[in-house]
Amino acid sequence: MSRPELSSEQLSVYEKIEHTREHIFVTGRAGTGKSTILNHLSYNTSKIIAVCAPTGVAALNVGGQTIHSLLRLPTGVIADHELDQPSELKKMLASIDTLVIDEISMVSADLMDAIDRALRLARGKKHDPFGGAQIIMFGDPFQLPPVPPRDPHERAYFDDTYRSLWFFDAKVWDAVPLSVIELNEVHRQRDDAFKRILGAVRHGIVDENQANALNKAGARPAPRDVITLASTNATVNRINAERLAEIRGSALRAVAEVTGEFKENLFPADEVLELKPGAQVMFLRNDPDGRWVNGTIGTVSRVEGTVWVETGDDEYEVEPAVWERFRYRYDADTKKLEKEVVAEFEQFPLRLAWAVTIHKSQGHTYDSACVDLGPRAFTAGQTYVALSRVRSLEGLYLARDLRPSDVIVDPNVVRFMRERGASAPAA
């Protein structure tokens, strides 16, 4: 598949990553192309890089490993726990120039400091932050927060040790500078007024006129087949099951083939997928031939051993796709960092899509969608993520009016971005 060309803004960020040793945090609104830069870096860098992410699904999406797996870190709060580093792990970590971390906003301050300590130990440079490795981070703290620990003792540890749970309040950043680059060019939306409204939602500074514009636009009844972005799995599962049951006829029941070390909670698609002609579906990954992208909505047109899906005026036969789980390994013979496949998951790259959770809509773009926040938004950034999936106000529908309490922004994020010179957009 042809890879998207970088804009001049994106290219300048890539050049800075490639030609400096600075530790860099690349952030920006939804739709500014953070993933585009990361993908370009993965395929074009001359540096020896390892790519990782805080969750299994996020790691799959970027062809990397989880942070815990890559660095062999214990789960839970790591603090000053002893780190187990076999010689092969030390060799592997010593061989990299740059560690790339995606979805960095989900990384806690404790895990950030553990990354620093693990790299110092493995690379034999205990006085150098991150053992002399360059750290490149991608993410938007206005969208995804770290998950707070459930254990009260762990929460007390964070309260006593860190200014906040966020990665940017890790102790390591007291010892080394961090360059923050905020992308400003939004590629998803074209309408400047809608961009300004989304910027206001992101920063929690929505004025009355902007709120009225959102609620007026979203007040129309949503067409029956517009995808619903809901806040809970229960709502999504109910809507999809009800709509599939309305379609007469038998279903294709596709069971995924799983090999290797692939835990169920990391499955990138449904293990058991039921489809009928007429079912609304969403593609879960880009097509190598460019016929669809991750997030494209279509309708199942035929089910005959395999699946045909219509998108617009086109009909495509959809083959099962293979997702690979990787692990980095240092090859002592070649003296190179290798990436080996340790597990595979094969399934049609489709999901029923009359509804999807707001969390799973992350990174997707929709021409139209109905946002259903339920009784209330319950996490910081949730409303912003949902609204920013849609290309235009004309494509936005709301299950209910938005309320001021739905716009939640973590004050720690506002503080960090302000300290780093990133300003809120003009209202």
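These are legends for several close-up views of a predicted model of one protein chain.

**View 1. The whole chain, before zooming in.**
Start with the parts list: the protein chain has 12 helices and 20 strands. Its radius of gyration is 22 Å, close to the 22 Å that the globule rule gives for 427 residues, so the chain is as compact as a globular protein of that length. Along the principal axes, the C-alpha trace runs to about 65 × 55 × 45 Å. Buried residues account for 52% of the 427. Looking just at contacts between residues at least 6 apart in sequence, 73% of them join residues at least 24 apart. On the outside, about 20,000 Å² is exposed, with carbon and sulfur atoms supplying 47% of it. As for charge, there are 51 positive and 61 negative side chains, and the centres of the two sets sit 3 Å apart.

**View 2. Phe-25 meets Phe-416.**
The model holds 16 aromatic pairs, and here is one of them. Phe-25 and Phe-416 make a tilted pair, 6.3 Å centre to centre with 40 degrees between the planes. The two partners come from distant parts of the chain: Phe-25 belongs to strand β1 (residues 24–28) and Phe-416 to helix α12 (residues 411–419), 391 residues apart. Is Phe-25 buried or exposed? Phe-25 counts as buried because its relative accessibility is 0%, under the 20% cut-off. Phe-416 comes in at 2%, so it counts as buried too.

**View 3. Phe-168 stacks on Phe-416.**
Phe-416 has another aromatic partner in Phe-168, and this pair is stacked: 4.1 Å centre to centre, with just 5 degrees between the planes. Phe-168 sits in the loop between α7 (152–161) and β6 (179–183) while Phe-416 is in helix α12, so the pair ties together parts that are 248 residues apart in sequence. Both Phe-168 and Phe-416 are buried. Pull back a little and you get one aromatic cluster made up of Phe-25, Trp-166, Phe-167, Phe-168 and Phe-416.

**View 4. Ile-104 and its neighbours.**
Ile-104 is in the loop between β4 (98–101) and α6 (109–123). With 0% relative accessibility, Ile-104 counts as buried. Which residues does Ile-104 touch, leaving aside those up to four places away in sequence? They are Phe-25, Met-112, Met-137, Phe-138, Gly-139 and Phe-167. Two of those names, Phe-25 and Phe-167, also turn up in the aromatic cluster. Tyr-162 makes a handy distance marker: 58 residues from Ile-104 in sequence, and 17 Å away in space, C-alpha to C-alpha.

**View 5. Positive phi at Glu-103 and Phe-130.**
Glu-103 isn't a glycine, yet its phi is positive, at about 50 degrees. Glu-103 lies in the loop between β4 and α6. Its relative accessible area is 19%, so Glu-103 falls under the 20% cut-off and counts as buried. Phe-130, not a glycine either, has a positive phi of about 55 degrees. You'll find Phe-130 in the loop between α6 and β5 (134–138), and it is buried, with a relative accessible area of 0%.

**View 6. Thr-383 in helix α11.**
Look for Thr-383 in helix α11, which covers residues 382–387. Thr-383 is buried, its relative accessible area being 3%. Setting aside residues up to four places away in sequence, Thr-383 touches Val-201, Leu-373, Ala-377, Leu-402 and Asp-406.

Key
Residues numbered from 1 in each chain as written. Predicted model: local features only at pLDDT ≥ 70, side-chain atom pairs only at ≥ 80, totals over all residues. Heavy atoms only, no water. Helix = DSSP H or I, 4+ residues; strand = E, 2+ residues; numbered from the N terminus. Rg over C-alpha atoms; globule rule 2.2 N^0.38 Å. Buried < 20%, exposed > 50% of the residue type's maximum accessible area, 1.4 Å probe, protein only. Contact = heavy atoms within 4.5 Å. Areas by Shrake-Rupley, 256 points an atom, 1.4 Å probe, with all protein chains shown as cover. Lys, Arg positive; Asp, Glu negative; His and termini not counted. Charge placed at Lys NZ, Arg CZ, Asp CG, Glu CD. Phe/Tyr/Trp six-rings, centres within 6.5 Å; stacked < 30°, edge-to-face > 60°.
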